[in-house]
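Welcome! Take a look at the model below, and then we will walk through a few of its parts together.

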Amino acid sequence: MTKLIAVLAGDGIGPEVTAEAVRVLQATGLDLAFEEAPVGGQGYRQTGRPLPPETLALARRADAVLFGAVGDPEFDALERRLRPEAAILGIRREMATFANLRPAKLFKGLEDASALRPEVAGAIDLLIVRELNGDVYFGEKGFRTSPAGHRQGYDVMSYDEAEVRRIAAVGFDAARRRRGKLCSVDKANVLETSQLWRDVVSAMAAEYPDVELTHLYVDNAAMQLVRDPGQFDVIVTGNLFGDILSDQASMCVGSIGLLPSASLDANGKGMYEPIHGSAPDIAGQGKANPCAAILSAAMLLRFSLGEGEAADRIEAAVARAIAGGARTGDLGGTLSTTAMADAVLREM
Ligand SMILES: NC(=O)C1=CN([C@@H]2O[C@H](COP(=O)(O)OP(=O)(O)OC[C@H]3O[C@@H](n4cnc5c(N)ncnc54)[C@H](O)[C@@H]3O)[C@@H](O)[C@H]2O)C=CC1
Ligand SMILES: CC(C)CC(=O)C(=O)O
Ligand SMILES: [Mg+2]
């Protein structure tokens with residue numbers, strides 16, 4: 001039966017890299033149908049809303065969502081609610097995709113592109129499990145005037161223990177399937193939210209005797225990620241810390257243009273997106289690395305469509321293309337977005 005993929009390309013380089021991911025999905029020969037809908041600045045321009053209801057309806061109806069990126073400098077001055085970024089937070093929340101899986105592994109041949117020494121970078125094979133529906137991004141927020149008459153901005157950070165438990169379970173389960181190590185990252189020395197987080201995660205360890213659980217404060221985790229990333233198997237953390245640590249992890253393996261992600265709900269329905277944003281600085285120039293989007297498409301096949309074999313084929317093709325020297329500018333090469341995808345398609 002035909003599977004429907006909702007394609008929400010969004011802004012900036014979103015449409016450029018998403019088009020290449022769709023080409024790769026089409027090359028698998030699977031019975032897939034694609035339906036596009038506007039989101040972000042694109043949605044705002046076309047309908048006056050960053051997350052049009054029709055777009056959300058399509059995302060719900062589809063078997064999986066392929067997301068590009070949102071964010072457009074033209075709308076930076078607009079009220080926050082209407083800014084393109086509101087679309088991605090909105091769709092993540094509406095679709096209850098609370099578990100964001102962000103794998104990072106050094107591709108053979110990219111030792112020179114990593115920000116780390118080759119022997120350090122070579123040991124990277126980790127998975128960041130980032131909570132995606134809560135934390136400071138979704139707390140009460142606003143502007144107010146202080147008693148001294150100063151303008152104040154505030155964003156409330158909070159986690160419910162049930163939210164912590166469900167994401168920690170994803171982390172423990174992933175560690176169980178991988179190398180049996182889970183590192184929970186928080187800031188429990190300062191934040192109440194993090195104390196609750198650590199308490200809940202620690203209590204769950206008894207249910208996973210085969211998983212070795214450790215804890216790190218986020219500042220130390222950021223340092224360890226550069227000093228000795230090979231120590232990490234699975235990292236589980238909140239929305240804010242996971243956002244930051246995953247961008248950092250991307251440079252440890254060479255570029256933000258390489259890291260894919262899966263955002264899953266409790267039933268395995270998902271939205272698949274590169275971890276990067278709309279990159280206005282290179283948008284429209286054919287410079288963006290499409291690998292993060294292509295690898296996100298592979299995750300889509302594996303997690304939402306049960307097509308693990310096709311996912312393996314795409315991932316192996318990306319690895320071979322890179323090992324063979326295919327490089328966009330972010331990796332020190334000269335290939336255009338489309339030429340990089342062509343190199344992957346040749347390997348398929
Ligand atoms: N998932 C999403 O939709 C996200 C949206 N954003 C939004 O994107 C806009 C730009 O944000 P930035 O902080 O600049 O982050 P960004 O991730 O868009 O770009 C950061 C840097 O990485 C480079 N880069 C990103 N993706 C690349 C790729 N595929 N190939 C080569 N180079 C790449 C960019 O050129 C830029 O120099 C903002 O509006 C932000 O809110 C940011 C992150 C995620
Ligand atoms: C709008 C941001 C929360 C998106 C982002 O940076 C991310 O999800 O990585
Ligand atoms: Mg981010």
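How do the residues of the shell around ligand 2 divide into nonpolar, polar and charged? Keep in mind that this is a predicted model. The shell around ligand 2 has three nonpolar, no polar and two charged residues. You can find them by name: Glu85, Ile88, Tyr137, Asp243 and Ile275 surround ligand 2.

Next, turn to helix H1, which covers residues 14–27. With 14 residues at 1.5 Å a residue, H1 should span 20 Å, and this agrees with its end C-alpha atoms, which are 20 Å apart. Buried residues of H1 include Val17, Ala21 and Leu25. An α-helix has 3.6 residues a turn, so residues three or four places apart point the same way.

What covers the buried residues of H1? Among the covering elements are these:

| Element | Residues |
|---|---|
| strand E1 | 3–10 |
| strand E2 | 32–36 |
| strand E3 | 64–69 |
| helix H10 | 291–303 |
| helix H11 | 308–323 |
| helix H12 | 337–347 |

Just after H1, Gly29 has a positive phi of about 80°.

Finally, here is a pair of helices. H8 (residues 218–227) packs with H9 (residues 239–252) at an angle of about 10°, and their axes are 10 Å apart. Because angles under 35 degrees count as roughly parallel, H8 is roughly parallel to H9. On the H8 side, Val218, Ala221, Ala222, Leu225 and Val226 make the contact, while H9 brings Phe241, Leu245, Gln248, Ala249 and Cys252. Sorted by class, this contact has nine nonpolar residues, one polar and no charged ones.

Note on methods: Residues are numbered from 1 along each chain as its sequence is written. Chains are lettered from A and ligands numbered from 1 in the order in which they are written. This is a predicted model: local features need pLDDT of at least 70, side-chain atom pairs count only at pLDDT 80 or more; totals for chains, interfaces and linings use all residues. Helices (H or I, at least four residues) and strands (E, at least two) are DSSP runs, numbered from the N terminus. The expected span of a helix is 1.5 Å times one less than its number of residues. A residue is buried if 20 or more other C-beta atoms lie within 10 Å of its own, exposed if 12 or fewer, and partly exposed in between; C-beta atoms are placed from the backbone. Two residues are in contact if their C-beta atoms, placed from the backbone, lie within 7 Å. A residue is near a molecule or strand if its C-beta atom, placed from the backbone, lies within 6 Å of it. Ala, Val, Leu, Ile, Met, Phe, Trp, Tyr, Cys and Pro count as nonpolar, Asp, Glu, Lys and Arg as charged, and the others, Gly among them, as polar. Axes are lines fitted to C-alpha atoms, for helices over the stretch in contact, and angles run from 0 to 180 degrees between N-to-C directions. Angles under 35 degrees count as roughly parallel, over 145 as roughly antiparallel, 65 to 115 as roughly perpendicular and the rest as oblique.
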